[in-house]
Amino acid sequence: MKETKNFKRLMTFAIAMTLCLTALAIVPTVSAATEYYVSTTGDNANTGLSWAEAWRDIQYAVDNVGSGDTVHVAAGTYNENIIIDKSLTVVSVEGSEVTIINAQVLGFGVLIHGTGTVVTFDGFTVENYKRVGILAGSFSLAEEDPDVVHILNNIVKEPIGQQNNNCIQIGDGTTGTVIGNEVMGASLESPDWTGSGILVAGSSNVVISNNYAHDCESGIVIVGYAEYRDAPAINNLIEDNLVEDSGTGISVQMYSIGTIIRYNNVLNNNGGIAVMAIDYSWEHSTPSCTEIHFNNIVGNVNYGVKSGLWGSDTGEVLAEEINATYNWWGHATGADHISNPHGTGQGGDAVTDNVGFIPWYATSTTTSSTEYVTVNHNPIIAVSDTIQGGIDAALDGDIINVAAGTYNENVVVDKSVDLVGENKETTIIQKDVNRLIQINSEDVVITGFSILGSMVNVGHVTSAIFFDENSGLTIEDNIIEGWCGIVLNGPSGEDVDVTMTIKDNYIKANLRGIMQLVPQTSTNPLNLLIEGNTIKCGDNPDHTVSGGIYIQGLKNSIIQDNIIRGFIGPSGRGISGSENDNIIISGNTLDGSATYGIAMWVVTNIKIDGNTITNNKRAGINIKGQNIDIINNDIKENGFGGSKYNVGVYIAEFSIPTQNVNVNCNIIEDNAAGLTNVAPIEINAEYNWWGHCSGPIHSGNPSGLGNAVSDNVDYDPWAGKVIGPTDPVPLVDGSATVSLTGYFTCNMDTATFDWGDGSSLESTDLSPSDTSITGSHTYTEAGVYTVTLTIDDDNSWSITMKFQYVVVYDPDAGFVTGGGWINSPIGAYRDDPSLTGKANFGFVSKYKKGQSTPTGNTQFQFKAGGLNFHSSEYDWMVLAGAKAMYKGTGTINNAGTYKFIITAGDGQISRGTDTFRIKIWYEDNGNEIIVYDNGTDTPLGGGQIKIHQK
């Protein structure tokens, strides 16, 4: 800021302007009218009331119209400067490009003054002036400054004077708007506000918007005064402007209060935005409450935002602490400053001290309404409208939170970050590309998304998620679709120590759900966990190879509790792979593949435990290798596809000798055959249930009626089963006694009953001749109980058999009613597990006096799946505290015979929320085929459950 002598110069300029006013001829005023017209072909002797009667000069029109009138100006060049001293609208007809005011090297192009005036000046080019192109309000005309001005859509070219030159200036208390103008070339170099494209000096509540300022010393300037004169600049708004190629893009000076700078593009200036205090003898003031947000501040040479101080005479003022958060600095890693977590030397514009720039915008396209992605570095350091922007802005270890919405982008994760979606059903990443999410870094977490990649092959190993690193990956609780769902391209390397988890995802894939592409060559542990996923074949299975999970060359890994269904391509498999070591495959459901439920070749140290393997057209399990344990699995209805592998379990030899294979304690029934061994060794297959108490069909067991076994299979002794009451048992005088019998053919030592009600286990010693054991138990509470019979021998072998369920009911209990709806989750509707939405229900269940079965009615409707269930009859009902459970039979869409169980929770009793679960199934050759099961006690979305106590 210059000292007082500069203002003396301005005073001299203003006095000269006043003298010019007195020299103008006084013309009698034309009677009042609304619309007047000026044209270069007009004549000041005309009336000015139409284009045919247009005046020639704009100044003549201004002088002769009344307050509040409008002057329309035709295209052309007007060699005059304009003084407006009354409330008027002066507007060009064809716009600023062709409507030109040539100021003829006078001090100003347009001067607006007059106490209390309201003026709109719209659509002109102003050129060939010395000091100010358009001036409204001047300290030298303090008594005559206008109230409100609107300076709109003008082009103000460069001044030709050498001091105090500005393109547009509003000052000394005048307010209004400066919108849609282009200003240029005010290039007088000075530390104060001279050389400004747009200047607000000592005025408040001015809106400066949608202007283009370029090639100026300062593009846009706000300045206020505290001591020199009482003229603060308060609550001015600088918005949606483009300011470029200037000395300083935007400057806020001295006694400016509450300036808002937002949505501007401040590009390629020497300095971007400067907020400057002054500490000179004649003025001591600091800007305050300056807000700088939502701007693109890019390519400015010395700084993007500066908070500084001019002068040092007294030390009375300090630089302002500026809030400059939520701006784009030209680089995803934010502004260049030592406080940036990325460190100094980033790609973004620099800021000085006293400038708070965190959080910043990670992309140039982020706006205040598209802050969908946040980067949490504790605290949040950046926001973005894209996921990739968030990743680019993050550091290793950051959490990137993504709001619900659809993101049409492919993503490259090259940092160790957690990528967290708001809701896996509504936070969607989708695009038809080769690799929708490519992970090139270790220690990455992806959770809470719908990741919808291409369902056709658009490149090598097209996948929704492609992991191209060695370690540290967690993919959890997502919906994933793609030609391949997840591809693990690695790990490899002798020194790799890998931990990876793929858990609780719903995966729909046409080729493979989860595929490990390159063999693991490390000698260190791998620790890959694939758990709790639902994996289903997509809608285009007509390719050679398809499958739920494929692994090759892995070590020390676990695949457990997954549901894999429907891979019906020509070579469709549930879980397959080769050259794996120390693998556990446990608790999975593998159903409906075109070939095998599990196919593992050239494997060592593998345990296949507790899986349900059904309805696979070839073998339920096809395995070749060494140190194999196949235990506690349900292997049913496999091998009906017309192949030599038509069997529950198929043992062969390939590449390495088959050794130490144990197939024990499984249920192997209703398959085309039970177990086929073509390896040149005998297989230990003792303690299995073969579908009949007489054991398997084999020439060595003439009375066997179970599934057949081949030669080289040691099947004796075989296991049995538990038989108990199939009808509900009533409580009489507060108790109900039941008996169950376990049958077996194995020479075992101890039988133990677990009655499922929390009572002590009951163990009985067995003699070598025992083939059955009977146990009795008295229940004292209504409930649904699972009874477990475990038979052990002294060599640590055990057979576990379950009876489901013993149902104990109280015929004198109350009844239960319910009605409302739940949000049906993913996986509930088994024909299409991806379907979700509202599911409605209504029911009543009660015992009538003297009856052993309850009565009532149940309806359940899931519109998204076209499922409409109605009950036909009930089997039993149990009320226990806040829980009710009942079982029965019904129809779906008025057809078929389906079983159902409902579990309902009364939140009023439990002091929680009402809950509802329904399981619907049908039976096929003794097997349960689930149609619908929402899986857990789901809180109601609306309605009520009520248990009525007697």
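This report walks through a predicted model of a protein, from its overall build to one residue inside it.

**The whole protein**

Strands are plentiful here: the protein has 85 of them, along with four helices. Its radius of gyration is 42 Å, well over the 30 Å that the globule rule gives for 950 residues, so the protein is more spread out than a compact globule. You can follow that in the C-alpha trace, which spans about 135 × 70 × 60 Å along the principal axes.

Here are some whole-protein shares to keep at hand.

| Feature of the protein | Share |
|---|---|
| Residues that count as buried, of 950 residues | 56% |
| Contacts with a separation of 6 or more that join residues 24 or more positions apart | 61% |
| Exposed area supplied by carbon and sulfur atoms | 46% |

The exposed area itself comes to about 35,900 Å². As for charge, the protein carries 106 negative and 45 positive side chains, and the centres of these two sets lie 7 Å apart.

**A look at N616**

Now let's zoom in on one residue. N616 sits in the loop between strand 57 (612-614) and strand 58 (621-631). Is N616 buried or exposed? Its relative accessibility is 1%, and buried means under 20%, so N616 counts as buried.

Who surrounds N616? Leaving aside neighbours within four places in sequence, its contacts include L590, D591, G592, S593, T595, Y596 and G597. N616 is also in contact with E637, N638, G639 and F640. With L590 there is a polar link as well: a polar atom of the N616 side chain lies 3.4 Å from the backbone oxygen of L590.

Conventions: Residues are numbered from 1 along each chain as its sequence is written. This is a predicted model: local features need pLDDT of at least 70, side-chain atom pairs count only at pLDDT 80 or more; totals for chains, interfaces and linings use all residues. Side-chain values use heavy atoms; hydrogens and water are left out. Helices (H or I, at least four residues) and strands (E, at least two) are DSSP runs, numbered from the N terminus. The radius of gyration is taken over C-alpha atoms; the globule rule is 2.2 Å times the number of residues to the power 0.38. Buried means under 20% relative accessible area, exposed over 50%, partly exposed in between (1.4 Å probe, protein chains only). Contact means heavy atoms within 4.5 Å. Accessible areas come from the Shrake-Rupley method with a 1.4 Å probe; for residues, only the protein chains shown count as cover. Lys and Arg count as positive and Asp and Glu as negative; His and the chain ends are not counted. The place of a charge is taken as NZ of Lys, CZ of Arg, CG of Asp or CD of Glu. A polar contact is a pair of N or O atoms within 3.5 Å; within protein, one must be able to donate a hydrogen and the other to accept it, and residues adjacent in sequence count only if both atoms are side-chain atoms.
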